Amino acid sequence: MQDRRRMVRNRVYYGGVLAFNARRSTFACIVRNFSDGGARIEFEGSPLLPDYLDFSIERRDLACRARLVWRGHQEAGLVFADTPQTPEIVSLDLARRLRAGERTNRLLRARLDQLLSGH
């Protein structure tokens, strides 16, 4: 197989997360090699992944948009988007905490409504 990468990738062993479907769907992966331009990832199972997704590596404090450029049975190659991360992109951890806070807020509002109605 011919290597067409512009940058040399370093062998690594990082935990990564793929997020898609407006970050409602997440999938854990292992990052096997990495550069500033892309990564090779491995995963269990055969998830249906879209062409574009959010990719994060907590250990490197990286969160970016990525494009799937090739796919095997339990591995794939990603190229990172050329655009820098913008403020409207929220880290996956923050998005999860925000969703949990919103859920708690809904439950508290429902309980308050129940108490105020006398039931």
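These legends go with several close-up views of a predicted model.

**View A. Six strands close into a barrel.** Go around the barrel and you meet the strands in the order 1-2-3-6-5-4, with antiparallel pairing. On average, neighbouring strands of this sheet are turned by 45° against each other, ignoring direction.

**View B. Strand 4 sits next to strand 5, held by six bridges.** The two strands run antiparallel. To pick out one pair, look for Asp-54, whose bridge partner in strand 5 is Arg-65.

**View C. The largest nonpolar core has 20 residues.** Leu-18, Val-31, Ile-41, Leu-53, Phe-55 and Leu-78 are the ones touching the most other members. At least two core residues come from each of strand 1 (10-20), strand 2 (25-34), strand 3 (38-42), strand 4 (52-57), strand 5 (62-71) and strand 6 (75-80). Strand 1 gives the most, with four residues.

**View D. Here is Val-31 with the residues it touches.** Setting aside anything up to four places away in sequence, Val-31 touches Val-12, Tyr-13, Tyr-14, Gly-16, Ala-39, Arg-40, Ile-41, Phe-55 and Ile-57.

**View E. Ser-56 is a residue of strand 4.** Ser-56 counts as buried because its relative accessible area is 15%, and the cut-off for buried is under 20%. Not counting neighbours within four places in sequence, Ser-56 is in contact with Gly-15, Gly-16, Val-17, Leu-62, Ala-63 and Leu-92.

**View F. Helix 1 lies across three strands: strand 1, strand 2 and strand 4.** This helix covers residues 92-117 and runs at about 30° to strand 1.

Key: Residues are numbered from 1 along each chain as its sequence is written. This is a predicted model: local features need pLDDT of at least 70, side-chain atom pairs count only at pLDDT 80 or more; totals for chains, interfaces and linings use all residues. Side-chain values use heavy atoms; hydrogens and water are left out. A nonpolar core is a set of buried Ala, Val, Leu, Ile, Met, Phe, Trp, Tyr and Cys residues joined through side-chain atoms within 4.5 Å. Buried means under 20% relative accessible area, exposed over 50%, partly exposed in between (1.4 Å probe, protein chains only). Contact means heavy atoms within 4.5 Å. Two strands pair if DSSP finds at least two bridges between them. Axes are lines fitted to C-alpha atoms, for helices over the stretch in contact, and angles run from 0 to 180 degrees between N-to-C directions.
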